[in-house]
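This briefing goes through one protein model by topic. Each point can be checked against the sequence and the structure shown below.

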Amino acid sequence: MAGLCVTFCALMSALAVPLLLFFGYLLSNSSPMIEIPEPLKPDAGKGCFMAAGLYAITLYFAYQKMQEEPESAREVKLNQE
């Protein structure tokens, strides 16, 4: 079940990064495609770029977690003296 959660996080992050970068680009250039008041567009663009960065970090850690070998929950380590 944990593997599905990590996969879901990685997939959502992989989709969110380019989408937020695109929105940030549009807002930075004051594009009329996004309808918010003009004075708020530059700050909204910066917010989209920051959110894309956070999603990229999430994607990195989720991908790292997906690459790990699964550990057995019933694995018993015996001490040999």
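**Cysteines**

C5 is partly exposed, its relative accessible area being 47%. The model is a predicted one, and a search of the whole structure finds zero disulfides. The points below cover the cysteines, the helices, the surface patch, the charged and aromatic pairs, and a residue with unusual backbone geometry.

- The cysteine sulfur closest to that of C5 belongs to C9, at 4.4 Å.
- That separation is too far for a bond, because a disulfide needs the two sulfur atoms within 2.5 Å.
- C48 has 13% relative accessibility and counts as buried.
- C48 is also one of the buried residues of helix α2.

**Helix α2 and its contacts along the chain**

- Helix α2 covers residues 41-67, which is 27 residues.
- From its first C-alpha to its last, α2 reaches 39 Å, close to the 39 Å expected at 1.5 Å a residue.
- The buried residues of α2 are K41, G45, C48, A52 and A62.
- In an α-helix there are 3.6 residues a turn, so residues three or four places apart point the same way.
- Q64 lies in α2 and is partly exposed, at 36% relative accessibility.
- Q64 and A10 are 54 residues apart along the chain, and their C-alpha atoms are separated by 9.8 Å.
- Y60 is another residue of α2.
- Between Y60 and L27 there are 26 Å in space, C-alpha to C-alpha, and the two are 33 residues apart in sequence.

**Nonpolar surface patch**

- A nonpolar patch on the surface is formed by L19, L21, F22, F23, Y25, M33 and F49.
- Together these residues have about 710 Å² of accessible area.
- Which helix gives the most to the nonpolar patch? Helix α1 (residues 2-28) does, with five residues.
- L19 is found in α1.
- L19 has a relative accessible area of 45% and is partly exposed; this value meets the patch requirement of over 30%.

**Salt bridges**

- The count comes to two salt bridges.
- Side chains of opposite charge can pair when their charged atoms come close.
- E38 forms a salt bridge with K41, and the closest N and O atoms of this pair are 3.2 Å apart.
- Is K41 buried or exposed? K41 is buried, with a relative accessible area of 2%.
- Its partner E38 is partly exposed, with a relative accessible area of 45%.
- The other bridge joins the side chains of K65 and E68, at 3.4 Å from N to O.
- K65 is partly exposed at 47% relative accessible area, and E68 is likewise partly exposed at 47%.

**Aromatic pairs**

- A pair of aromatic rings is described by the distance of the centres and the angle of the planes.
- The count comes to two aromatic pairs.
- F22 and F23 form a tilted pair, with 6.3 Å centre to centre and 40° between the planes.
- The pair counts as tilted because its angle is neither under 30 degrees, as in stacked rings, nor over 60, as in edge-to-face ones.
- F22 is partly exposed, with a relative accessible area of 41%, and F23 is partly exposed at 31%.
- Both F22 and F23 are also members of the nonpolar patch.
- Y60 and F61 form an edge-to-face pair, with 5.3 Å centre to centre and 75° between the planes.
- Y60 counts as partly exposed at 48% relative accessibility, whereas F61 is exposed, with a relative accessible area of 54%.
- The two residues fall in separate classes because exposed means over 50%.

**Backbone at S30**

- S30 is found in the loop between α1 and α2.
- Most residues other than glycine have a negative phi.
- S30 is not a glycine, yet its phi is positive, at about 50°.
- At 31% relative accessibility, S30 counts as partly exposed.

How values were computed
Residues are numbered from 1 along each chain as its sequence is written. This is a predicted model: local features need pLDDT of at least 70, side-chain atom pairs count only at pLDDT 80 or more; totals for chains, interfaces and linings use all residues. Side-chain values use heavy atoms; hydrogens and water are left out. Patches are made of residues with over 30% relative accessible area and no salt bridge: like charges are joined within 9 Å, nonpolar side chains (Val, Leu, Ile, Met, Phe, Trp, Tyr) within 5 Å. Accessible areas come from the Shrake-Rupley method with a 1.4 Å probe; for residues, only the protein chains shown count as cover. A salt bridge is a side-chain nitrogen of Lys or Arg within 4 Å of a carboxyl oxygen of Asp or Glu. Helices (H or I, at least four residues) and strands (E, at least two) are DSSP runs, numbered from the N terminus. Buried means under 20% relative accessible area, exposed over 50%, partly exposed in between (1.4 Å probe, protein chains only). The expected span of a helix is 1.5 Å times one less than its number of residues. Rings of Phe, Tyr and Trp (its six-membered ring) pair if their centres lie within 6.5 Å; planes under 30 degrees apart count as stacked, over 60 as edge-to-face and the rest as tilted.
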